[in-house]
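Subject: Model and notes for you

Hi,

Here is the structure I promised. Please open it first, then read the notes below it.

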Amino acid sequence: MGLTRREFSRLGALGAMAGFVPDLRASAQGSERKVGYCVIGLGRIADHFMRGVKQGSTSQITGLVSGHRDKAERIAAQYGVPTSSIYSYEDMDRMRENKSIDAVYVALPNSMHAEYTIRSAKAGKHVLCEKPMCVSVSEAREMIAACKEANVKLMIAYRLHYEPTTLKAIKMIQDGLLGKIQAIDSANGFNIAPGEWRSTKKLGGGGPLMDVGIYSLNATRYLTGEEPEKFTAVASTIDRDGRFDTTEENTAWTMRFPSGVLASCNTTYGAAMPGYYKVFGSKGWLEVDSFGYQNLRLRANYTPEGKNSSATTLDETNPEPDPKQFERQADHFTQCILQNKTPKTPGEEGLRDMQHIQSIYRAAGISFD
Ligand code: NAD
């Protein structure tokens with residue numbers, strides 16, 4: 001009906017105040033419309049995501065899926081979600097009719113990602129799915145196929161691909177500041193509490209490699225820009241206290257990349273193992289000290305080529321507090337939806353990690369589909 005941009009924005013704001021149409025205010029990014037997300041699973045990571053969305057200007061929370069109606073109603077009130085946009089796991093397919101929901105954020109235990117991604121795609125919604133993408137290579141393929149079939153976008157929530165310290169480390173390597181990369185060393189783990197779904201095969205899909213070791217695996221890939229081609233691995237369980245009845249407690253693995261870079265990684269659910277990676281090149285090294293939600297610190301020491309060159313040292317910490325990483329991640333997917341672009345971390349990125357996880361497990365003598 002030929003509205004000017006100002007009229008369009010004003011109409012959106014009035015509608016949002018009246019509570020009967022999605023918020024159409026012009027965003028700071030210049031797009032005309034906020035993309036509405038329905039959050040599936042209201043646990044710990046969903047809380048970070050929802051705060052990140054609220055803090056940003058391009059997206060909004062417009063639906064919730066939960067098994068706990070009271071919790072969902074509390075969160076709905078916090079984020080201005082109408083109670084008619086709260087669904088249970090059983091009836092969430094009804095969101096197909098809900099025009100305020102453009103996309104879903106799947107924040108459920110790992111083994112539930114495939115089912116809820118596929119159901120959301122069939123309901124016509126774009127899908128932002130938490131890592132690990134799922135619990136088998138075949139599920140990953142099915143998720144990609146279902147989203148393609150429904151003509152919706154699929155992004156895996158690898159938040160560090162949108163985080164400035166991580167991007168700087170990658171660029172330093174790409175720019176050759178460290179010379180020829182020879183080796184990467186990385187670890188990530190924690191001492192898991194009893195009763196956590198993460199250490200069960202049924203919901204976690206495997207041991208610490210699935211949930212936390214995947215950070216080291218994914219880092220070696222974004223740092224080298226290559227796919228590993230040869231694997232060795234060992235796994236063990238030390239604690240026989242019920243936490244590891246169906247999965248392993250520790251995994252250590254090595255990978256060789258086509259360029260010859262060797263990576264050596266460790267993950268555990270039996271000890272505090274603060275996440276980090278260290279990259280060693282012919283001209284120097286760099287280290288990022290965390291895979292966490294804030295305060296990633298990058299240290300480096302390298303000597304550029306040239307007779308009189310002296311060593312450069314770097315020590316800087318990203319000051320952006322949590323939930324900025326989640327805001328950046330949501331913004332990226334929102335822009336992909338609005339501009340019809342492929343996300344930087346599409347389903348295929350998750351599939352590759354699943355394939356490598358399969359190779360690591362098989363090298364450790366553990367079956368994995
Ligand atoms: P969580 O246990 O805090 O939340 C899981 C949610 O799923 C809860 O709301 C729970 O009620 C719901 N749920 C539904 N069915 C369930 C069932 N059968 N058993 C257990 N819970 C059930 O977990 P989380 O830490 O929020 O992790 C959710 C997903 O997010 C996982 O895949 C995890 O790997 C991923 N994750 C990602 C990051 C990241 O930084 N990207 C960090 C933490 C977790």
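A residue counts as near a molecule if one of its heavy atoms lies within 4 Å of it. On that basis, 24 residues surround the ligand. The closest are Arg44, Asn110, Arg159, Arg198 and Asp211.

Before you go on: this is a predicted model, where local features need pLDDT of at least 70 and side-chain atom pairs count only at pLDDT 80 or more, while totals for chains, interfaces and linings use all residues. Residues are numbered from 1 along each chain as its sequence is written, and side-chain values use heavy atoms, with hydrogens and water left out.

The ligand site

The shell around the ligand divides into 13 nonpolar, four polar and seven charged residues. Here Ala, Val, Leu, Ile, Met, Phe, Trp, Tyr, Cys and Pro count as nonpolar, Asp, Glu, Lys and Arg as charged, and the others, Gly among them, as polar.

Three pairs of N or O atoms are worth a look; the cut-off for a polar contact is 3.5 Å. A side-chain N or O atom of Arg159 is 2.6 Å from a ligand oxygen. Backbone N or O atoms also take part: one of Gly43 lies 3.1 Å from a ligand oxygen, and one of Leu108 lies 3.2 Å from a ligand oxygen. Alone, the ligand exposes 830 Å², and the protein buries 82% of that (Shrake-Rupley method, 1.4 Å probe).

Where does the ligand lie relative to domain 1 and domain 2? Domain 1 (5-159 + 326-346) and domain 2 (164-317) both give residues to the shell, so the ligand lies between them. The domain bounds come from an automatic or database assignment.

Backbone points to check

Elements are DSSP runs, numbered from the N terminus: helices are H or I of at least four residues, strands are E of at least two.

- Lys131 and Pro132 are joined by a cis peptide bond, omega about -15°. Pro132 is in the loop between β5 (126-129) and α5 (137-150).
- The Asp322 to Pro323 peptide bond is cis too, with omega near 15°. Pro323 is in the loop between β14 (312-317) and α9 (324-338).
- Asn295 is not a glycine, yet has a positive phi of about 60°. Its loop runs between β12 (284-288) and β13 (297-302).

One more loop

Ser259 is in the loop between β9 (250-256) and β10 (262-268). Its side chain reaches the backbone nitrogen of Val261 at 3.4 Å. The C-alpha atoms of Ser259 and Gln182 are 8.8 Å apart, with their positions 77 residues apart along the chain.

Best wishes

Note on methods
Polar contact = N/O pair within 3.5 Å; in protein donor to acceptor, adjacent residues only side chain to side chain.
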